[in-house]
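Here's a quick tour of a few helices and a couple of backbone oddities. Have a look at the fold before reading on.

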Amino acid sequence: MKLHHHTLFSLTIAGVLYVMFTSWKLALGSFITGIFIDVDHIVDVVREHGWSVKVREFFHICHTAQFNRILLLLHGWEWLVIWTFAAWLTDWNPWITGSLIGLGHHMVLDAYANSENVSSYSLLWRWKKDFHFDTIFPKFIRFKYRESTYFPTARGSNDQRGH
Ligand SMILES: [Zn+2]
């Protein structure tokens with residue numbers, strides 16, 4: 001899911017949380033996390049394309065799925081389990097609970113928009129699949145190879161398969 005969608009959802013949910021619980025900490029925690037867990041894309045882009053990628057290029061790489069492997073370190077159902085435990089341990093501290101809500105809605109939206117398999121957003125499952133992008137996100141294969149200027153060989157082999 002794209003950045004502006006996450007921003008819109010995060011803003012709406014933060015507004016609802018503020019109205020329901022009158023806690024700006026809870027609302028802000030949710031708003032920030034709901035958008036910024038996508039910073040983990042930076043790790044994947046740099047790992048695959050190096051440090052010289054410009055901002056425009058960065059978004060192009062992400063939107064056209066130019067990845068051989070994908071870590072997505074912050075996108076994991078496992079974090080939700082750990083973070084729920086952390087919120088419970090801190091007696092539902094508003095920052096931790098807010099960030100739990102932000103993480104939760106971000107993950108649900110991504111899982112809904114980006115994959116037919118909820119396991120795609122499990123860190124352990126991705127690890128088991130050796131973080132291989134095409135195996136984890138098959139829905140993106142057609143965008144990836146149609147747009148690709150980064151993987152000419154992959155594109156060639158794709159053409160041979162007649163897709
Ligand atoms: Zn995301």
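Where is the place of Leu72? Leu72 sits in the loop between H4 and helix H5 (77-89). Keep in mind that this is a predicted model.

**Two positive phi angles**

Leu72 isn't a glycine, yet its phi is positive, at about 45 degrees. Asp130 isn't a glycine either, and its phi is positive too, at about 60 degrees. Here's how the pair line up:

| Residue | Phi | Loop | C-beta neighbours inside 10 Å | Class |
|---|---|---|---|---|
| Leu72 | about 45 degrees | between H4 and H5 | 21 | buried |
| Asp130 | about 60 degrees | between H7 (123-128) and H8 (133-136) | 9 | exposed |

Leu72 counts as buried because 21 neighbours clear the cut-off of 20 or more. Asp130, with 9 other C-beta atoms within 10 Å, is exposed.

**H3 against H4**

Helix H3 (residues 40-49) packs on helix H4 (residues 55-63) at an angle of about 95 degrees, and their axes are 11 Å apart. That angle makes H3 roughly perpendicular to H4. On the H3 side, His41, Val45 and His49 make the contact, while H4 brings in Phe58, Ile61 and Cys62. Sorted by class, that's four nonpolar residues, two polar and no charged ones.

**Helix H2**

H2 (residues 24-36) has 13 residues, so at 1.5 Å a residue it should span 18 Å; its end C-alpha atoms are 18 Å apart, which agrees. The buried residues of H2 are Leu26, Ala27, Gly29, Ser30, Phe31, Thr33 and Gly34. These buried residues pack against helix H1 (3-21) and helix H6 (94-114).

Note on methods
Residues are numbered from 1 along each chain as its sequence is written. This is a predicted model: local features need pLDDT of at least 70, side-chain atom pairs count only at pLDDT 80 or more; totals for chains, interfaces and linings use all residues. Axes are lines fitted to C-alpha atoms, for helices over the stretch in contact, and angles run from 0 to 180 degrees between N-to-C directions. Helices (H or I, at least four residues) and strands (E, at least two) are DSSP runs, numbered from the N terminus. Angles under 35 degrees count as roughly parallel, over 145 as roughly antiparallel, 65 to 115 as roughly perpendicular and the rest as oblique. Two residues are in contact if their C-beta atoms, placed from the backbone, lie within 7 Å. Ala, Val, Leu, Ile, Met, Phe, Trp, Tyr, Cys and Pro count as nonpolar, Asp, Glu, Lys and Arg as charged, and the others, Gly among them, as polar. The expected span of a helix is 1.5 Å times one less than its number of residues. A residue is buried if 20 or more other C-beta atoms lie within 10 Å of its own, exposed if 12 or fewer, and partly exposed in between; C-beta atoms are placed from the backbone.
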